[in-house]
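Welcome, and take a moment to turn the model around before reading on. The paragraphs below will walk you through it, one region after another.

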Amino acid sequence: MNIGERLEMIGSLVLPGTVLADIGTDHAYLPVYLLEEKKIEKAIAGDIAEGPCQAAAATVAMYNKKQQVEIRLGSGLSVLQPSEAACITIAGMGGSTMIDILSADIKVAVSAKRLILQPQTGAPSLRKWLLAHGWGIVQEELVWEHKHLYEIIVAERSESLQQYSEAELEIGPLLLANKHPLLKDQFAKVLAAYKKQLGFMEKSTQAMQSEKYKHIKSLVAEVEVLANASNS
């Protein structure tokens, strides 16, 4: 079963032999793939819409996994009971949406041994929120797929949490610490996005005098210092 580099990387981070909850499962490709690989015992595939649940049911039926995958219609973690799944994956949503999902059912979230999150946007805010709410970042990965660089954050409950600078949260503290092979690509992506934003703001004198402009300018300088340090 070919699920692509992004989902394959997410799957590699799932704890072996556990019950997986895949939230926003869409076609249930990830849980079925992991069952095919005999990495997990069973899975709960949740989605907020009927269409994706029907698509998930079709995938589960095609691979004869009805006994091992339970498809549940519902919003976020509301489809789960506390401690029902040791590993929770949420992929392909914005970081702010992930924060909303985790916040809405915090008892379920904290009962899992591991969260594996692949935000489309807003990864720095998601990292900050996780750390502020008792999760340590234990692993980070980057993967290219279809000309897009995806960030994957693995979080587990921790009593001794690291403190990171805003620039480190922008890039990914463990990507930096472990000198990830795609770290240069990550720096390029982050700096390009902020410099584009600055370029738009520099067309307006009022925008250039704003605190937001000054903050982004300062952040870009901090990220560039990290980039230079990582190259040395």
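What follows is a short tour of a helix, a hairpin, two single residues and two pockets.

Please keep in mind that this is a predicted model, in which local features need pLDDT of at least 70, side-chain atom pairs count only at pLDDT 80 or more, and totals for chains, interfaces and linings use all residues. Residues are numbered from 1 along each chain as its sequence is written, and side-chain values use heavy atoms, with hydrogens and water left out.

Let us begin at helix α4, which covers residues 95-104. Helices (H or I, at least four residues) and strands (E, at least two) are DSSP runs, numbered from the N terminus. In α4, the residues G95, M98, I99, I101 and L102 are buried, where buried means under 20% relative accessible area, exposed over 50%, and partly exposed in between (1.4 Å probe, protein chains only). Looking down the axis of α4, you find its buried residues within an arc of 160 degrees, so they line one face of the helix; the arc is that of the directions from the helix axis to the C-beta atoms. On the face turned away from that buried side sit the exposed residues S96, D100 and A104. The cover over the buried residues of α4 includes β4 (87-93), α5 (106-111), β5 (114-119) and α6 (123-132).

Helix α6 is also the place of L131. With 15% relative accessibility, L131 counts as buried. Leaving aside residues up to four places away in sequence, L131 touches G136, I137, L161, Q162, Y164 and L169, contact meaning heavy atoms within 4.5 Å.

One of those partners, G136, leads us to a hairpin: the bridge partner of G136 in β7 is E156. Strand β6 (residues 135-145) has 8 of its 11 residues buried, so it is largely enclosed by the rest of the structure. β6 and β7 pair in the antiparallel sense over 10 bridges; two strands pair if DSSP finds at least two bridges between them. The hairpin that they form has 2 residues between the strands, and H146 in the turn has a positive phi of about 50 degrees.

Next, look for H180 in the loop between α8 (173-177) and α9. H180 counts as buried, at 12% relative accessibility. Its contacts, not counting residues up to four places away in sequence, are E140, E141, L142 and L175.

Now for the open spaces. On a 1 Å grid over the protein atoms alone, a pocket is an open set of points where a 1.4 Å probe fits, with protein on both sides within 12 Å along at least five of seven lines, and lining residues have an atom within 4 Å of a point. The largest pocket holds about 290 Å³ of space. Its lining has 16 residues, with R6, L7, G24, T25 and D26 nearest the centre. β4, met earlier as part of the cover of α4, gives the most to this lining, with 4 residues.

The second largest pocket holds about 240 Å³ of space. Of the 16 residues that line the second largest pocket, G122, P124, E151, K189 and V190 are the closest to its centre. Here α6, β7 (148-157) and α9 (183-201) each supply at least two residues, and α9 provides the largest share of the lining, 5 residues.

Key. Points joined across faces, edges and corners; volume = space filled by probe spheres on them.
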